[in-house]
Amino acid sequence: MRTLRNLQGPALTLALLCALWLIVIVGLLALKPSVFNLGTVTTILQFSTILALVGLGQGMVILAGGTGIDLSVGGAVSLSAIIAMLSLKLGLPPVLLPAVCILAGAALGALNGLLVNGLALLPFIATLGTFFVYSGVALAVTGGAAQSGVPGWLLLWGRGVVAGIPVPFLTLAIPCFALAGLALMATAWGRWIYAMGFNERSARLVGIPVDRVRFILYALSGALAGAAGLVSLAWLGSGRPNIGQNLELESLTAAMLGGIAITGGRGGVGGVFAAVLLLVTLKTGLLQLNINTVWQVGIVGALLVFVLLADRLSQRWRS
Amino acid sequence: MSAVRQSGSGVFSMNGREWSLLVACLLAIAIFSVASPHYATPGNAVTVLRNSVELLLIGLGMTLLLAMGGIDVSIGIVMGLAAIAIGRIVGADGSPFVALVAGPLVGALLGCVTAAVVVLGRVPAIVGTLGLLGVYRTAVFALLGGQWLSGLPSSLTDLLATTVLGIPVPALVIAVAYLTVWLALRRTPYGLHLLAIGNSEEKARLSGIPVIKVRFLTFVISGVLTGIAATFYVATYRNVEMSIGSTSALDAIAAVILGGTSILGGRCSLLGTVLGVLLLRILQNGLLLIGVPSLWQPVVTGVLVIGVLGFEAVSNRLPLTRFQRARA
């Protein structure tokens with residue numbers, strides 16, 4: 001226990017997440033040993049790709065502080081997928097589908113950034129509003145119907161598996177996290193994000209372009225949501241207007257579980273990555289045990305509340 | 001203290017925001033009356049008022065929460081859970097008077113849970129209540145088991161569909177609730193404390209205001225009001241479906257923001273909330289009648305929220321007009 005108590009910050013988070021993950025795995029093994037095969041691993045990673053991309057954007061927005069939060073991510077995932085599919089129907093060359101999907105997401109994120117920065121609205125209320133607008137528009141323009149017609153070559157990418165690992169996970173999720181981790185650790189922009197999250201006032205005083213960084217982060221969160229929408233298209237073969245359901249809750253939980261402080265300035269993307277894998281393993285396990293999917297949202301919600309309370313308690317315990 | 005002085009309009013004196021809301025309501029009614037022949041009927045007016053009952057009560061609690069710088073996005077599902085409790089009692093032919101107590105009681109209990117997480121656990125209200133929203137949604141599913149609670153006996157309905165001195169019971173209850181909260185805001189320290197916390201929690205704490213007690217109490221009040229709303233819901237519809245209350249939180253937030261209560265805290269208007277609820281319901285009902293699919297409703301509400309806040313932000317930044325300077 002002594003070593004565990006000496007662990008600090010990211011190392012402690014990772015150790016705790018690994019322990020939790022092992023508990024989930026052992027529990028699953030005990031309840032249903034047949035679950036474990038390469039197919040399950042592929043499924044878990046496939047589901048993880050979407051949540052990983054969205055969770056990364058969410059984590060970066062929260063990390064930059066200023067009560068930053070992006071509740072619209074789920075709506076942005078749905079709407080960017082729907083925009084891409086509808087523009088395909090309107091005669092867009094299929095080659096441009098990925099670009100349109102990601103750009104649509106970036107535009108939706110930029111709108112959030114504009115509301116938060118330009119109009120100085122509180123992030124949670126601005127993105128709560130856009131959440132209902134984005135997800136509502138996605139449902140309303142389609143009437144709730146899935147939009148089919150994804151080109152075959154995109155399905156090849158989305159459903160491809162290399163050595164048990166889905167191709168989107170290899171080519172999109174991992175590079176995005178690697179880049180984000182590098183940027184946070186080794187570039188001035190990354191240090192700015194931590195600085196403004198830790199103390200925005202002093203960050204402004206030393207000349208960090210706080211507003212510009214924040215705007216870019218909201219746009220980035222949107223672009224990552226667009227990328228997640230693209231993955232859903234390439235994997236499922238159709239644009240579903242409700243694909244982003246509950247992603248705001250799940251991505252928040254992933255970011256908080258991953259050790260990012262809700263006040264910003266503390267945490268890293270490695271933890272978020274581990275937390276995403278943990279969450280998806282848990283969800284897949286519940287699915288395999290034939291537990292109704294409605295239980296997932298409750299368990300994820302309970303995890304979120306638990307993590308936030310545990311964070312407060314551990315702070316009091318340390319001081 | 002200027003923020004406190006201008007807080008909470010009087011019952012009879014209306015400020016500019018409230019006048020413009022009233023005009024907006026009348027304008028919307030006029031436009032919809034021209035656009036749809038089914039709009040300007042007594043039956044439809046009753047429908048709009050009927051649909052506003054729950055939102056008026058939930059919105060009252062949300063007004064206090066937002067004025068305090070808080071929020072509760074789980075409030076709609078809290079109404080669902082309270083409605084399930086009431087429905088079970090009514091469904092088992094229990095006394096309707098027990099059912100009357102059950103709603104506020106469940107609401108208060110869940111308000112305590114929310115307050116324990118958000119206030120005692122010092123968790124940002126939006127994140128804490130979002131987590132609880134997930135938990136409550138699963139609870140609704142688990143309690144209903146995937147089936148509607150329907151065909152409830154009319155014992156509760158008979159009790160609440162009556163009139164007292166010619167005034168319908170719901171209208172009476174709403175009037176009493178608003179008057180009580182208005183008195184609490186204007187005539188007791190609670191109101192001053194609430195608005196001070198909304199202005200700056202840190203300064204409120206430093207000046208000796210019992211911040212934790214006031215915040216806890218406000219979440220419980222909001223829960224009780226939501227429990228009352230659930231009672232009227234069950235009495236009217238006599239069923240509880242899986243999706244109960246899924247848009248109530250957004251509707252309530254939109255109505256309160258429309259009404260001029262500041263989300264940054266420190267300013268609240270009860271009359272504004274009433275007019276905000278009415279305007280929202282008039283718009284939703286009217287759009288439905290002129291043939292806009294109901295799927296667009298959350299879009300309209302979301303645009304209203306962002307639009308009003310954006311308009312306020314822009315107009316605050318513009319230089320004062322000569323008229324405003326003269327008044328300032």
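The legends below describe close-up views of a predicted model with chains A and B.

**Figure 1. Overall view of chain A, a chain of 14 helices and four strands.** The radius of gyration of chain A is 19 Å, close to the 20 Å that the globule rule gives for 319 residues, so chain A is as compact as a globular protein of that length. Measured out along its principal axes, the C-alpha trace of chain A covers about 60 × 55 × 35 Å. Of the 319 residues in chain A, 52% are buried. When contacts in chain A between residues at least 6 apart in sequence are taken, 81% of them link residues at least 24 apart.

**Figure 2. Overall view of chain B, with 15 helices and two strands.** For chain B the radius of gyration is 20 Å, close to the 20 Å given by the globule rule for 328 residues, so this chain too is as compact as a globular protein of its length. The C-alpha trace of chain B spans about 60 × 55 × 40 Å along its principal axes. Buried residues account for 48% of the 328 residues in chain B. Contacts that join residues at least 24 apart make up 79% of those in chain B between residues at least 6 apart in sequence.

**Figure 3. The contact between chain A and chain B, formed by 32 residues from chain A and 34 residues from chain B.** On the side of chain A that touches chain B, at least two residues come from each of α6 (123-142), α12 (247-257) and α14 (294-318). Helix α14(A) gives the largest share of this side, with twelve residues. By class, the residues on the side of chain A that touches chain B are 26 nonpolar, five polar and one charged.

**Figure 4. Surroundings of A225(A) in helix α11 (residues 210-236) of chain A.** A225(A) counts as buried because 37 C-beta neighbours lie inside 10 Å, where 20 or more are required. Leaving out residues up to four places away in sequence, A225(A) touches V54(A), G57(A), V73(A), A76(A), V77(A), S80(A), G105(A) and G109(A). The C-alpha atoms of A225(A) and L56(A) are 9.4 Å apart in space, with the two positions 169 residues apart in sequence numbering.

**Figure 5. Surroundings of L17(A) in helix α2 (residues 9-31) of chain A.** L17(A) has 20 other C-beta atoms within 10 Å and is therefore buried, since the class begins at 20. Its contacts, apart from neighbours within four places in sequence, are L257(A), G271(A), A274(A), A275(A) and L278(A). From L17(A) to P93(A) the C-alpha to C-alpha distance is 44 Å, and the two residues are 76 apart in sequence.

**Figure 6. Packing of helix α5 (residues 97-118) of chain A against α6(A).** The axes of α5(A) and α6(A) are 9 Å apart, and the helices pack at an angle of about 145 degrees. Their crossing is right-handed. From α5(A), the residues that take part are L108(A), L111(A), N112(A), L115(A) and V116(A), and they meet P123(A), A126(A), T127(A), T130(A) and Y134(A) of α6(A). Seven nonpolar, three polar and no charged residues form the contact of α5(A) with α6(A).

**Figure 7. Crossing of helix α3 (residues 42-67) and helix α12 (residues 248-258) in chain B.** The axes of these two helices come within 9 Å and cross at roughly 65 degrees. The crossing of α3(B) and α12(B) is right-handed. On the α3(B) side the contact is made by L55(B), I58(B), G59(B), M62(B), T63(B) and L66(B), and on the α12(B) side by S248(B), D251(B), A252(B), I253(B), A255(B) and V256(B). The contact of α3(B) with α12(B) has eight nonpolar, three polar and one charged residues.

**Figure 8. Helix α6 (residues 125-144) of chain B.** This helix of 20 residues reaches 27 Å from its first C-alpha to its last, close to the 28 Å expected at 1.5 Å a residue. Helix α6(B) is mostly covered, with 15 of its 20 residues buried. G145(B) follows α6(B) and has a positive phi, near 60 degrees.

Technical notes
Residues are numbered from 1 along each chain as its sequence is written. Chains are lettered from A and ligands numbered from 1 in the order in which they are written. This is a predicted model: local features need pLDDT of at least 70, side-chain atom pairs count only at pLDDT 80 or more; totals for chains, interfaces and linings use all residues. A residue is buried if 20 or more other C-beta atoms lie within 10 Å of its own, exposed if 12 or fewer, and partly exposed in between; C-beta atoms are placed from the backbone. Two residues are in contact if their C-beta atoms, placed from the backbone, lie within 7 Å. Ala, Val, Leu, Ile, Met, Phe, Trp, Tyr, Cys and Pro count as nonpolar, Asp, Glu, Lys and Arg as charged, and the others, Gly among them, as polar. The radius of gyration is taken over C-alpha atoms; the globule rule is 2.2 Å times the number of residues to the power 0.38. The expected span of a helix is 1.5 Å times one less than its number of residues. Axes are lines fitted to C-alpha atoms, for helices over the stretch in contact, and angles run from 0 to 180 degrees between N-to-C directions. A crossing is left-handed if the near helix is turned anticlockwise from the far one by less than a right angle, and right-handed if clockwise.
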